[in-house]
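Me: I have a structure open and want to go through its salt bridges and its ligand. Can we start with the terms?

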Amino acid sequence: MSELSGRRIVLGVTGGVAAYKAAELVRLLGKAGADVHVVLTAGGARFVTPVTFQALSGNPVWSDLWDPRVENNMAHIDLTRGTDAIVIAPGTADVIAKLVHGIADDLLTTLCLARECPLLVAPAMNRQMWEHPATRRNIAQLAADGATVVGPAAGDQACGETGMGRMLEPDELLEHLIAFFQPKLLAGRKVVMTAGPTFEAIDPVRGITNTSSGKMGYALAQACRRAGAEVVLVSGPTGLPAPLGVERVDVCSALQMRDAVVAALPGADVFIGVAAVADYRPLSAAEHKVKKSSAELTLTPNPDILAEVAARPDAPFCVGFAAESRELDAYAEGKRRAKRLPMLVGNLVQDGLGSDDNQVILYDDAGRHPQPRAPKTVVAQKIVEHLAGLLAMRATRLAR
Ligand code: PMT
């Protein structure tokens, strides 16, 4: 289940080379549970045929304002009613200009004018067209009129030039759409978090680490971002891509993680420690590969990043995690109290470490709140909702 599940989306495809990416977007939207209805302009049909979109969406494709399939001849009205959003991807300079000036000379522009739902536009054009003062004015006006402009990105263009104007990739557009429908529970908040394992070097090839995959922390970073927060994710070594819109700072050791957290803290409203930080590190990392004969390893404790952040006089709202192999309630609540945390997420290692799913219990001053086993993306959303509730309660208390 995603925020797009059951949503009716009208996808307008206009005449740009990036129209081929719209086919993949239709597939991704369908996979996310959306009901997609494609409106193809005459220009768009030059690049991709209606058959492709019909096959991928499982719905008829619309192009004609006078389509005889619509009994009342009101395709421009019927298509928008009951629709959750119109997305135009690619959005050419031409269609953007028409939208801004209220020109309604084909089905897509007419239904945009007649719409009652939000409009998202993903521009796609040559860099010079994007920079042209007319386009700059039109984009500003489009946003002022309430449309959401997503992208474009910079990069290589179909014309052989390089610059701003590439349409966002289908998976990026999908992420924008999911975020668009997400309640903005953390709008205006800055969240700093840690995720993944740390790696404590013994020598140039060996080290102490653990099997944290980073999946829980990355899912939570994405959920915070979708909820409108500015997110800085300080990450130990993982093979995961940074969630869209999240600032990731890559680190290796616990000491590096602490430095990166401290650097990111100014202005933070929330700190979340999801990382499985090594409690100890070798006293010193050998410059050269350690030989079999010198097998001794002296360890020294690492700083407890979460405890240090929570103890600061200007501490943000701190959320801890605890992974235990038994007696979860006792150990998790013990950690929450020892570090004076308003909220802690407890999970059993056998439930959460490395897997795609997790089963967590949320602990706060009001007690324990068990959650059902679910994909980490869903668990992350629950954590965000609980966190937002506690932040709201704290704000109310402070306002009294
Ligand atoms: O990465 P995944 O494969 O998705 O797995 C997710 C997870 C199981 C790692 C995650 O859900 C989790 O439980 N993370 C906390 C791991 C843990 O047991 O931490 P801890 O009990 O050692 O520490 C308690 C808290 O203090 C944690 O918030 C930890 O980030 C923080 N800590 C601990 C030690 C340290 N030196 N610095 C810290 O900040």
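Reply: A salt bridge here is a side-chain nitrogen of Lys or Arg within 4 Å of a carboxyl oxygen of Asp or Glu. Note that the model is predicted.

Me: How many salt bridges are found in the whole structure?
Reply: The search finds 23 of them.

Me: What does Arg 7 form a salt bridge with?
Reply: Its partner is Asp 84, and the closest N and O atoms are 3.8 Å apart. The two residues are 77 residues apart, so the pair links distant parts of the chain. Arg 7 is in the segment before strand S1 (8-13), while Asp 84 is in the loop between helix H4 (75-78) and strand S3 (85-91).

Me: Is Asp 84 buried or exposed?
Reply: Neither: Asp 84 counts as partly exposed, at 25% relative accessibility. Buried would need a value under 20%, and exposed a value over 50%. Arg 7 has a relative accessible area of 22%, so Arg 7 is partly exposed too.

Me: Ok, next one. Where do Asp 94 and Lys 98 lie?
Reply: Both are in helix H5 (residues 93-101). They are four residues apart, which is about one turn of the helix. Their side chains meet in a salt bridge, with 3.5 Å from N to O.

Me: And is Lys 98 buried or exposed?
Reply: Lys 98 counts as buried, because its relative accessibility is 17% and the cut-off for buried is under 20%. Asp 94 has a relative accessible area of 47%, so Asp 94 is partly exposed.

Me: What about Arg 166 and Glu 169, how do their side chains meet?
Reply: In a salt bridge, with an N to O distance of 2.8 Å. Arg 166 is partly exposed at 27% relative accessible area, and Glu 169 is partly exposed at 28%.

Me: Which residues do salt bridges with shared partners join into one network?
Reply: Glu 333, Arg 336, Arg 337 and Asp 365.

Me: Switching to the ligand. Which residues come nearest?
Reply: There are 25 residues around the ligand, and the nearest are Ser 212, Ser 213, Gly 273, Lys 335 and Gly 354.

Me: How far is the polar backbone atom of Gly 273 from an oxygen atom of the ligand?
Reply: The distance is 2.5 Å. Gly 352 also has a polar backbone atom 3.5 Å from an oxygen atom of the ligand. For Ile 305, a backbone N or O atom lies 3.1 Å from a nitrogen atom of the ligand.

Me: How much of the ligand's accessible area does the protein cover?
Reply: It covers 94% of the 780 Å² that the ligand has on its own.

Me: Which pocket does the ligand sit in?
Reply: The second largest pocket.

Me: Which helices and strands supply at least two residues of the shell around the ligand?
Reply: Among them are helix H10 (215-226), helix H12 (305-310) and strand S16 (317-324). The largest share of the shell comes from S16, with four residues.

Me: Last topic: where is His 37 found?
Reply: His 37 is in strand S2 (residues 35-40). With a relative accessible area of 9%, His 37 is buried.

Me: What does its side chain make a polar contact with?
Reply: The side chain of His 37 contacts the side chain of Asp 35, at 3.1 Å.

How values were computed
Residues are numbered from 1 along each chain as its sequence is written. This is a predicted model: local features need pLDDT of at least 70, side-chain atom pairs count only at pLDDT 80 or more; totals for chains, interfaces and linings use all residues. Side-chain values use heavy atoms; hydrogens and water are left out. Buried means under 20% relative accessible area, exposed over 50%, partly exposed in between (1.4 Å probe, protein chains only). A residue is near a molecule or strand if one of its heavy atoms lies within 4 Å of it. A polar contact is a pair of N or O atoms within 3.5 Å; within protein, one must be able to donate a hydrogen and the other to accept it, and residues adjacent in sequence count only if both atoms are side-chain atoms. Accessible areas come from the Shrake-Rupley method with a 1.4 Å probe; for residues, only the protein chains shown count as cover. On a 1 Å grid over the protein atoms alone, a cavity is a set of points where a 1.4 Å probe fits but cannot get out, and a pocket is an open set with protein on both sides within 12 Å along at least five of seven lines; lining residues have an atom within 4 Å of a point. A molecule sits in a cavity or pocket if more than half of its atoms lie within 2 Å of its grid points.
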